[in-house]
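Please open the structure in your viewer and keep the sequence panel beside it. The tour below proposes selections one after another and says what is found at each stop.

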Amino acid sequence: QLQASGGGLVQAGGSLRLSCAASGRAFSSNAVGWFRLAPGKEREFVAAVSWSGNNIYYANSVKGRFTISRDNAKNTVALQMSVLKPEDTAVYYCAAGRSITVVAGSYDYWGQGTEVTVSS
């Protein structure tokens, strides 16, 4: 089971740090991705990290502003979000899968989501 946390309300230009924690199973051998779902929009890939942390993908819309990292000893993956924009407002989900990919359908395990609201 994956648990996403750290969402909240922040002003544009601010920062938030999301965390994805695994319980009941270790995901040190899994790639982990973050996706987001905004009202009226389709689910969107945000960032992903391979099991080793050596490979990282970012969506163009967040590149340079978001940083994904993982701590396999703590069984957690973080998404540091900076210079937030109103268009970053969404429910953010973490997911674990066998290999790093931007394709949501390739991830096997999903967290419940944490809501991020960026005010202008």
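The stops run from the whole chain to its core and then to single residues.

**The whole chain**

Begin with the complete chain in cartoon view, bearing in mind that this is a predicted model. The cartoon should show 11 strands and 0 helices, so that a reading along the sequence gives the pattern β-β-β-β-β-β-β-β-β-β-β. If you reduce the display to the C-alpha trace, its extent along the principal axes is about 40 × 25 × 25 Å. The radius of gyration is 13 Å, which agrees with the value near 14 Å that a compact globule of 120 residues would have.

Now switch to a surface, of which the chain exposes about 6000 Å², with 48% supplied by carbon and sulfur atoms. Of the 120 residues, 42% count as buried. Among contacts with a separation of 6 or more, 57% are made by residues 24 or more positions apart. If you colour by charge, you will find 11 positive and 7 negative charges, whose mean positions are 6 Å apart.

**The nonpolar core**

Hide the surface and select Trp34, Leu79, Met81 and Tyr92, the residues with the most contacts inside the largest nonpolar core, which has 36 residues. Strands that each supply at least two residues of this core include E1 (2-5), E3 (16-22), E4 (31-37), E5 (44-49) and E11 (114-119), together with E7, E8 and E9.

Which residues are in contact with Tyr92, leaving aside its neighbours within four places in sequence? Select Tyr92 and show its surroundings: the list includes Trp34, Leu79 and Met81, and also Ala4, Leu18, Phe35, Arg36 and Val46. Phe66, Gly113, Thr114 and Val116 are likewise in contact with Tyr92.

**Ile68 in strand E7**

Move next to Ile68, which lies in strand E7 and is buried, with a relative accessible area of 2%. Beyond its neighbours within four places in sequence, Ile68 is in contact with Val32, Trp34, Ala47, Ala48 and Val49, among others. The remaining contacts of Ile68 in that list are Ile56, Tyr58, Val77, Ala78 and Leu79. A distance drawn between the C-alpha atoms of Ile68 and Tyr58 should read 8.5 Å, for two residues that are 10 apart in sequence.

**Arg65 in the loop before E7**

Is Arg65 buried or exposed? Select Arg65 in the loop between strand E6 (56-58) and E7; because its relative accessibility of 10% falls under the 20% cut-off, Arg65 counts as buried. Apart from neighbours within four places in sequence, Arg65 is in contact with Gln80, Met81, Ser82, Val83, Leu84, Lys85 and Asp88.

**Two residues with positive phi**

Most residues other than glycine have a negative phi, and the last two stops depart from that pattern. Val83, already met as a contact of Arg65, is found in the loop between E8 and strand E9 (90-97). Val83 has a positive phi of about 45° although it is not a glycine, and this residue is partly exposed, with a relative accessible area of 46%.

Finish at Asn75, in the loop between strand E7 (66-71) and strand E8 (76-81). Asn75 also is not a glycine, yet has a positive phi of about 60°. In contrast to the partly exposed Val83, Asn75 is buried, with a relative accessible area of 14%.

Key: Residues numbered from 1 in each chain as written. Predicted model: local features only at pLDDT ≥ 70, side-chain atom pairs only at ≥ 80, totals over all residues. Heavy atoms only, no water. Helix = DSSP H or I, 4+ residues; strand = E, 2+ residues; numbered from the N terminus. Buried < 20%, exposed > 50% of the residue type's maximum accessible area, 1.4 Å probe, protein only. Rg over C-alpha atoms; globule rule 2.2 N^0.38 Å. Contact = heavy atoms within 4.5 Å. Areas by Shrake-Rupley, 256 points an atom, 1.4 Å probe, with all protein chains shown as cover. Lys, Arg positive; Asp, Glu negative; His and termini not counted. Charge placed at Lys NZ, Arg CZ, Asp CG, Glu CD. Core = buried A, V, L, I, M, F, W, Y, C linked by side-chain atoms within 4.5 Å.
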